[in-house]
Amino acid sequence: MANLSTKIKIWCANNGVADVDFMKDVMLQDDMVDGVSNPYIKEWNLDIAQPTESQLNGVENEANKLEKNNIVIAKRKNLYNSWDKQLEEINEQGLDAWKERIAQIKTDNPKE
C-alpha cells in the first residue's frame, strides 16, 4: 500500500499542482491506535479541493509503481557510482565498457 504522501503528490499533479510542500501546503498526521498507523490529512492549504479517500484510493496503483520505481532508481544510482568514478572508468576502460556496465545495471534492476 502506497504512502499517503505519495498518493497526494500524484493526485495533486493530476490536478495541476506540480509541487506539494508537506510543511505548509498539506499537513499530515498519524494518530496511531493500538500500534496501527492511521495517517490522514490534518490541514489542506492548496487552491484545489482536498481529495476524498476514494479519490486517493484511485491513484493507489500509480503511487505503488512510483514508490517501487524510486527504490529501483536509488539502487541504480548506488551501483552507478559517483560521476568522478564513472569518468575515471570511461577513461581507463573506454566508453563502450561503461555503457555495457550501465546497461547491465538497468537490466538487473528494471523499473515497472
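Begin by selecting Lys-7, which lies in helix 1, and keep in mind during the whole tour that the model on your screen is a predicted one. Is Lys-7 buried or exposed? At 5% relative accessibility, Lys-7 counts as buried, because buried means under 20% relative accessible area. If you now show the surroundings of Lys-7, and pass over residues up to four places away in sequence, you will find that Lys-7 touches Ala-2, Leu-56, Asn-57, Val-59, Glu-60 and Ala-63.

Next, widen the selection to the whole of helix 1, which runs over residues 4-14. The buried residues of this helix are Leu-4, Thr-6, Lys-7, Ile-8, Ile-10, Trp-11 and Cys-12. What covers these buried residues of helix 1? The cover includes strand 1 (26-30) and strand 2 (39-44), together with helix 2 (53-57) and helix 3 (60-80). Before leaving this part of the chain, look just after helix 1, where Gly-16 takes a positive phi of about 90°.

Now select Leu-4, Ile-8, Trp-11, Cys-12, Val-17, Val-20, Val-26, Ile-41, Trp-44, Leu-46, Ile-48 and Leu-56, the 12 residues that make up the largest nonpolar core. Helix 1 and strand 2 each supply at least two residues of this core, and helix 1 gives the most, with 4 residues. In soluble globular proteins, nonpolar side chains tend to be buried together. For a closer view of one member of the core, choose Val-17, which is in contact with Cys-12, Leu-46 and Ile-48 when its neighbours within four places in sequence are left aside.

Stay with the core and pick out Trp-11 and Trp-44. The structure holds 1 aromatic pair, and Trp-11 and Trp-44 form it, with 6.4 Å centre to centre and 70° between the planes. This pair is edge-to-face, because planes over 60 degrees apart count as such. The pair links distant parts of the chain, since Trp-11 is in helix 1 and Trp-44 is in strand 2, 33 residues apart. Trp-11 is buried, with a relative accessible area of 10%, and Trp-44, at 14% relative accessibility, counts as buried too.

From here, move to helix 3 and select Asn-69, which is found in that helix. Asn-69 is buried, with a relative accessible area of 12%. Which residues is Asn-69 in contact with, once its neighbours within four places in sequence are left aside? They are Lys-111 and Glu-112. Then select Ile-73, which also lies in helix 3, and which is partly exposed, with a relative accessible area of 29%. Add Asn-109 to the selection, and you will have two residues that are 36 residues apart in sequence and 8.4 Å apart in space, C-alpha to C-alpha.

For the last stop, select helix 4 (residues 83-93) and helix 5 (residues 95-108), which pack at an angle of about 130°, with their axes 7 Å apart. That angle makes helix 4 oblique to helix 5. To see where they meet, show Gln-86, Glu-89, Ile-90 and Gln-93 in helix 4, and then Leu-95, Ala-97, Trp-98, Arg-101 and Ile-102 in helix 5. If you colour this contact of helix 4 with helix 5 by class, you will find 5 nonpolar, 2 polar and 2 charged residues.

Terms used
Residues numbered from 1 in each chain as written. Predicted model: local features only at pLDDT ≥ 70, side-chain atom pairs only at ≥ 80, totals over all residues. Heavy atoms only, no water. Axes fitted to C-alpha atoms, helices over the stretch in contact; angles between N-to-C directions. Parallel < 35°, antiparallel > 145°, perpendicular 65-115°, else oblique. Contact = heavy atoms within 4.5 Å. Nonpolar A, V, L, I, M, F, W, Y, C, P; charged D, E, K, R; others polar. Buried < 20%, exposed > 50% of the residue type's maximum accessible area, 1.4 Å probe, protein only. Core = buried A, V, L, I, M, F, W, Y, C linked by side-chain atoms within 4.5 Å. Phe/Tyr/Trp six-rings, centres within 6.5 Å; stacked < 30°, edge-to-face > 60°.
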